[in-house]
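Colleague: I'm new to this one, so could you take me through a single part of it slowly? I'd like to hear about the aromatic rings and what surrounds them.

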Number of protein chains: 2
Amino acid sequence: MNLKEKIRSIPDFPKKGIIFFDITTLIKDGEALRFAVDEMAKQYKDKKIDAIMGAESRGFILGAAMAYKLGVGFIPVRKPGKLPYKTCQVSYDLEYGSSSLEMHVDAINKGDNILIVDDLVATGGTAKAMAQIIEKMGGIVVGFSFLVELSFLNPGKLLEGYELHSLVEYDSETM
Amino acid sequence: MNLKEKIRSIPDFPKKGIIFFDITTLIKDGEALRFAVDEMAKQYKDKKIDAIMGAESRGFILGAAMAYKLGVGFIPVRKPGKLPYKTCQVSYDLEYGSSSLEMHVDAINKGDNILIVDDLVATGGTAKAMAQIIEKMGGIVVGFSFLVELSFLNPGKLLEGYELHSLVEYDSETM
């Protein structure tokens, strides 16, 4: 299945000069959603995974579907103030300013093997922050699984040393 | 499986006097997540469902896992300004003030059978808004599937006339 045909490119969103790769057209297609999740899961089928982590909000979609598929738990990381129990936090730099992510302190146990899943990776900043929060709590990052990789932004540089798989790559800013 | 044992009750979140039912302790458990999704899906196994709709953010988790399980598409509804393509909107009342939800205008086709999924239903306000946005675009609401129902808030009243299933019910504000 050609997943690129299912992804919609939207120019100038969220701001002028940026092309947004919209996966809602892919995930509303039941066959494409199932194919994508199965292919993403296949890349990690031989690893012993204890849980999948996904970041608010779009990371919840593929992350939870993959957790179901693999029969493992799902761990949400969220923006500050959203999780109800005690949390640990990591901050990370954005193009302008910085942002933070939170996870429940009891979300993972020491030595747990965690797979990080997201719909799209750009520079890898959010993904790297997720790896940091896992390692801070004693977990092990098995790797990253992305549906879409903006390879022209070279996320592999920031995520060096980790296993990384993407189903669909865009190697230039133009369509 | 007793799912109530997997759900954590947190007093005074997000504000004093409210008990928050925290499902992160359930979904981080792979067996409990799979059991919950399978049981929720079972209740609609004889219905012809075209897609599942879930609302940002927690509704994405069980909604996407159920879409994967049933082999159908997933349609996210989001807070205003988050979706990149043309959207339709519904507003709904909250305890104080009001809120809005958006969906892509091409997310559903006329006559599509849509199942609405969320982790928790309280008064049913958000759920009702999702039904309205589906019907506004010509879709058919097959029903609602919730993991947790705060039955003491009587969401069935606002959602009268629709099929509604919940796996876990709390019938009083105290634990």
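Modeller: Happy to. Keep in mind that this is a predicted model. Counting over all chains, the structure has 11 aromatic pairs. Take A:Phe144 and A:Phe146 to begin with: their ring centres are 5.8 Å apart and their planes meet at 10°, and since planes under 30 degrees apart count as stacked, this pair is stacked. Look at how covered these two are: A:Phe144 has a relative accessible area of 0%, so it is buried, and A:Phe146, at 1%, is buried too.

Now hop over to chain B. There, B:Phe144 and B:Tyr162 make an edge-to-face pair, with 5.4 Å from centre to centre and 90° between the planes. This pair ties together distant parts of the chain: B:Phe144 belongs to strand β8 of chain B, while B:Tyr162 is in the loop between α5 (155-158) and β9 of chain B, 18 residues apart. B:Phe144 is buried, with a relative accessible area of 0%, whereas B:Tyr162 is partly exposed at 22%.

Back in chain A, ring pairs join A:Phe144, A:Phe146 and A:Tyr162 into a cluster. Some rings have a charge for company as well. The charged end of A:Lys4 sits over the ring of A:Tyr170, 4.7 Å from the ring's centre. Another case involves both chains: the charged end of B:Arg34 is over the ring of A:Tyr68, 5.1 Å from its centre.

So where does the strand that carries B:Phe144 belong? In chain B there's an open sheet of five strands, paired in parallel, and its order is β4-β3-β7-β8-β9. At the edges you'll find β4 (73-77) and β9 (164-170) of chain B; each has a single partner strand, so one side of each lacks a neighbour in the sheet. On average, neighbouring strands here are turned by 20° against each other, direction ignored.

Over at the β4 end, β3 (residues 51-55) of chain B pairs with β4(B) in the parallel sense over five bridges, and B:Ala55 stands opposite B:Val77 in β4(B). Helices pack on this sheet too. Helix α2 (residues 30-42) of chain B touches β7 (113-121), β8 (140-150) and β9 of chain B, and its direction makes about 140° with that of β8(B). Helix α4 (residues 125-136) of chain B lies across β3, β4, β7 and β8 of chain B, and runs at about 165° to β8(B).

Key
Residues numbered from 1 in each chain as written. Chains lettered and ligands numbered in written order. Predicted model: local features only at pLDDT ≥ 70, side-chain atom pairs only at ≥ 80, totals over all residues. Heavy atoms only, no water. Pairing = 2+ DSSP bridges. Helix = DSSP H or I, 4+ residues; strand = E, 2+ residues; numbered from the N terminus. Axes fitted to C-alpha atoms, helices over the stretch in contact; angles between N-to-C directions. Contact = heavy atoms within 4.5 Å. Phe/Tyr/Trp six-rings, centres within 6.5 Å; stacked < 30°, edge-to-face > 60°. Buried < 20%, exposed > 50% of the residue type's maximum accessible area, 1.4 Å probe, protein only. Lys NZ or Arg CZ within 6 Å of the ring centre and 35° of its normal.
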